Every structure is written in structure tokens, then in C-alpha cells.
Amino acid sequence: MGMTYVGGKLVALLICLSIMVFAIIIERALSLKKAAGKQAIPKFFKKVIDQIRANKINDAIASCDAQRGSVANVLKAALTRYQEITVTGSSVDSEKKLVEVQRSVEESMMLETPLLEKNLIALSTIASIATMVGLLGTVIGMIRAFKALAQAGAPDAISLATGISEALINTAGGLFAAILGIVAYNFYVNKVDNFTYQIDEANYNVMQLLKEK
């Protein structure tokens, strides 16, 4: 509280931005953990592939239900659509079946991707704003410091020290929130890209197996 008083009102805003960054980091960590599912993705994927090869589509769908997560949801959409077409449209050409399955995968991806990327833009925006707010506080502090130096006679040492302290506190607060936000943003963007790659890989392999059938 003492540093907030010395640093000025903008320090309170920087503290709020830092708290928002922490909140988004926690939310993203929990959401991406949930998106990964209950089992490790390679282990789950191997299980589903084995079930598809054994022509146990119902078991593969049940495995997706048990796994949950983004990869499981996309695979479930593909397998469910394939099963529906196989049961109700036995006269449908195999290529058309695969097109329908691919369409259901794309629709499922359109639902999953926004959930994976949620709040990432906010995290990047907060990091940029924190830098600007910290710079603004630094400029205000330096203005007060030079104002104390500009007084006639001996400069006011207390006002000078207060202005410099305000500038440095705002600089530190802005850099802290910005660095934390940028690091977290890059980390989660890389994690989302990894999820997307795993989904694409799983979708490709499943589509190849279904094409063989």
C-alpha cells in the first residue's frame, strides 16, 4: 500500500492489470488441462486407432466419451457421422461418405478452436496496455521530479525523491505485468498450436483408416 501511495494512482491500475494476467493464466491452465482429456493423448489415440482397426466403432466412440477433451470431441464427431452414414446410407458412395465425415470434423473444429484460443487476445492486449500505463506513470513521475528541480533556490529534495520513486515504481509495475503477459501469451499460443497439430494428426490418421474400410 505504501508503494501504491508513492507511485500514484496508476500503480493501482497496474496492480489490477497484473491480477487480470494471473487470473487469465490460471483460467487457461485449467481449460487446456481439461481440453487434453483424462488420459495422455498418445495413449488415448492409440486405443481409438486399435478399436477402429478392429471395426469396433461403438467402442471407439465410448472411448471418446470417457476421454473427453478437444481431440476426443473431434474424433467422436467423425466416428459418429461415419456410423450414421454407414447405417442409414449403405448405398452412398464411399467418397461421399468421407466428404460428410470430413465436414463434421471441420464443424467440430470450428467449435473447439475458439475454446482453445479464448482470452489469448485479452492477455496480449493487457501486456501492451501495461507497458503504456507504466510508461505514462514514469513520465508523470519525471515531470514531478523536474518540477521540484525547477523551483527557485534550493530544490525540494522530498518532492524530487518522490517524483523519481513514482517513475521507477510505475516502470517496474508496467514491466512486470507486460513481461508476465507476453511470456504467458507465447506459452499458451504454442500450447494451442500443439493441440491443433495433434487434432489434425488424429483426424488424418482416422480418415485414412475409414477410407480403407
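Contact here means heavy atoms within 4.5 Å. The legends below describe a predicted model.

**Figure 1. Overall fold of the protein chain, which holds eight helices and zero strands.** From the N terminus on, the elements run α-α-α-α-α-α-α-α. Along its principal axes, the C-alpha trace spans about 100 × 30 × 20 Å. The radius of gyration of the chain is 27 Å, whereas a compact globule of 213 residues would have a value near 17 Å. Of the 213 residues, 37% are buried. Among contacts with a separation of 6 or more, 76% join residues that are 24 or more positions apart.

**Figure 2. Close-up of the largest nonpolar core, a set of 45 residues.** The residues with the most contacts inside this core are Val 48, Ile 52, Leu 75, Leu 79 and Val 206. Two or more core residues come from each of helix 2 (9-36), helix 3 (41-53), helix 4 (57-67), helix 5 (69-88), helix 6 (94-117), helix 7 (120-149) and helix 8 (157-212). Helix 8 gives the most to the core, with eleven residues. In soluble globular proteins, nonpolar side chains tend to be buried together.

**Figure 3. Close-up of the largest pocket, with a volume of about 330 Å³.** The pocket is lined by 17 residues, and those closest to its centre are Ser 31, Lys 34, Ala 35, Gly 69 and Leu 115. At least two lining residues are supplied by each of helix 2, helix 5 and helix 6. Helix 2 gives the most to the lining, with six residues.

**Figure 4. Chemical character of the lining of the largest pocket.** The lining residues divide into seven charged, six polar and four nonpolar. Lys 34 and Ser 31 are among the residues closest to the centre of the pocket.

**Figure 5. Close-up of Ser 18 in helix 2.** Is Ser 18 buried or exposed? Ser 18 has a relative accessible area of 10%, and therefore counts as buried, since the term applies under 20%. Leaving aside its neighbours within four places in sequence, Ser 18 is in contact with Phe 176 and Ala 177. Helix 2, in which Ser 18 lies, also gives two or more residues to the largest nonpolar core and six residues to the lining of the largest pocket.

Conventions: Residues are numbered from 1 along each chain as its sequence is written. This is a predicted model: local features need pLDDT of at least 70, side-chain atom pairs count only at pLDDT 80 or more; totals for chains, interfaces and linings use all residues. Side-chain values use heavy atoms; hydrogens and water are left out. A nonpolar core is a set of buried Ala, Val, Leu, Ile, Met, Phe, Trp, Tyr and Cys residues joined through side-chain atoms within 4.5 Å. Buried means under 20% relative accessible area, exposed over 50%, partly exposed in between (1.4 Å probe, protein chains only). Helices (H or I, at least four residues) and strands (E, at least two) are DSSP runs, numbered from the N terminus. On a 1 Å grid over the protein atoms alone, a cavity is a set of points where a 1.4 Å probe fits but cannot get out, and a pocket is an open set with protein on both sides within 12 Å along at least five of seven lines; lining residues have an atom within 4 Å of a point. Grid points are joined across faces, edges and corners, and a volume is the space filled by probe spheres set on the points. Ala, Val, Leu, Ile, Met, Phe, Trp, Tyr, Cys and Pro count as nonpolar, Asp, Glu, Lys and Arg as charged, and the others, Gly among them, as polar. The radius of gyration is taken over C-alpha atoms; the globule rule is 2.2 Å times the number of residues to the power 0.38.
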